[in-house]
Amino acid sequence: ANITDNTGVERAWVKIKTPLGTTEEKNMTLLSGTNKSGIWNLTYKAESIGIYNFTIWANDSSSNEANSTENNFTTYGYSKVTWISPTGSFPVGTILNLTCLVEDANTSEGIANYLVTFWRNGTEIGQNYTNQTGYAVYHWNTTRLMGTYIVNCTISDDLLYNDTDQNNAYTTIEILVPKITV
């Protein structure tokens with residue numbers, strides 16, 4: 001921030017409102033120039049995904065204070081999807097709960113309200129949003145199906161997350177029909 005004062009800036013700081021609702025106050029350092037006209041800097045490590053609002057403050061040696069208008073920046077994360085269940089073979093007519101987990105690729109925390117698309121052999125069969133812990137479930141009715149199917153779930157970029165190369169998770173499921181001999 002470019003901060004000027006005729007008597008000299010004594011202190012500059014930033015008040016930051018985090019996406020979690022907390023407020024932090026961080027001191028800035030003079031990067032270049034003088035305390036009467038200089039560039040002040042803060043290097044800040046964001047700990048959460050979301051929108052941060054901030055206001056820059058300064059006071060001078062005469063105890064006068066001034067502040068900027070509120071500004072903001074947004075931090076983004078990376079998401080990945082993992083197939084959870086089911087796997088294996090099931091009798092025809094079974095309703096299978098296809099379950100995938102969407103997580104933050106860096107923290108492994110589940111991501112809520114993330115749209116997941118479910119597929120069977122390359123054809124979309126449905127969508128659902130993740131719950132509060134990151135799980136998405138689609139109830140797949142296997143009536144009138146038989147054979148082996150590749151089922152998978154996919155994710156795309158979200159409002160605050162960019163998908164990684166781990167944006168597709170799959171398994172093979174076999175639907176069994178009754179064997180009748182005469």
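## Overall architecture

The protein contains 17 strands and zero helices. Its radius of gyration is 27 Å, well over the 16 Å that the globule rule gives for 182 residues, so the protein is more spread out than a compact globule. The model described here is a predicted one. Computed along its principal axes by calculation, the C-alpha trace spans about 105 × 25 × 20 Å.

Contacts can also be sorted by how far apart the partners lie in sequence. Of the contacts between residues at least 6 apart in sequence, 57% join residues at least 24 apart.

## Surface and charge

Of the 182 residues in the protein, 34% are buried. The exposed area amounts to about 11000 Å², and carbon and sulfur atoms supply 48% of this area.

The protein carries 17 negative and 10 positive side chains. The centres of these two sets lie 6 Å apart.

## The nonpolar cores

The largest nonpolar core has 23 residues. Within this core, the residues with the most contacts are Leu-98, Phe-118, Trp-140, Cys-153 and Ile-173. Six strands each supply at least two of the core residues: S9 (77-85), S11 (95-104), S12 (115-120), S14 (135-141), S15 (147-154) and S17 (168-176). Strand S11 provides the largest share, with four residues. Apart from this core lies another one, of 11 residues, which includes Ala-12, Ile-16, Met-28 and Ile-56.

Trp-140 illustrates how a single residue can meet many partners along the chain. Leaving out residues up to four places away in sequence, Trp-140 touches Thr-94, Ile-95, Leu-96 and Leu-98, as well as Arg-120 and Ile-125. Its other partners are Leu-145, Tyr-149, Val-151, Ile-173 and Ile-175.

## A loop residue: Glu-70

Glu-70 is located in the loop between strand S7 (65-67) and strand S8 (71-75). Is this residue buried, partly exposed or exposed? The relative accessibility of Glu-70 is 45%. Buried means under 20% and exposed means over 50%, with partly exposed in between; Glu-70 therefore counts as partly exposed.

Which residues does Glu-70 contact, apart from its neighbours within four places in sequence? The partners are Lys-17, Asn-53, Phe-54 and Thr-55. Glu-70 can also be placed relative to Leu-159: the two residues are 89 apart in sequence, and their C-alpha atoms are 22 Å apart in space.

Notes. Residues are numbered from 1 along each chain as its sequence is written. This is a predicted model: local features need pLDDT of at least 70, side-chain atom pairs count only at pLDDT 80 or more; totals for chains, interfaces and linings use all residues. Side-chain values use heavy atoms; hydrogens and water are left out. The radius of gyration is taken over C-alpha atoms; the globule rule is 2.2 Å times the number of residues to the power 0.38. Buried means under 20% relative accessible area, exposed over 50%, partly exposed in between (1.4 Å probe, protein chains only). Contact means heavy atoms within 4.5 Å. Accessible areas come from the Shrake-Rupley method with a 1.4 Å probe; for residues, only the protein chains shown count as cover. Lys and Arg count as positive and Asp and Glu as negative; His and the chain ends are not counted. The place of a charge is taken as NZ of Lys, CZ of Arg, CG of Asp or CD of Glu. A nonpolar core is a set of buried Ala, Val, Leu, Ile, Met, Phe, Trp, Tyr and Cys residues joined through side-chain atoms within 4.5 Å.
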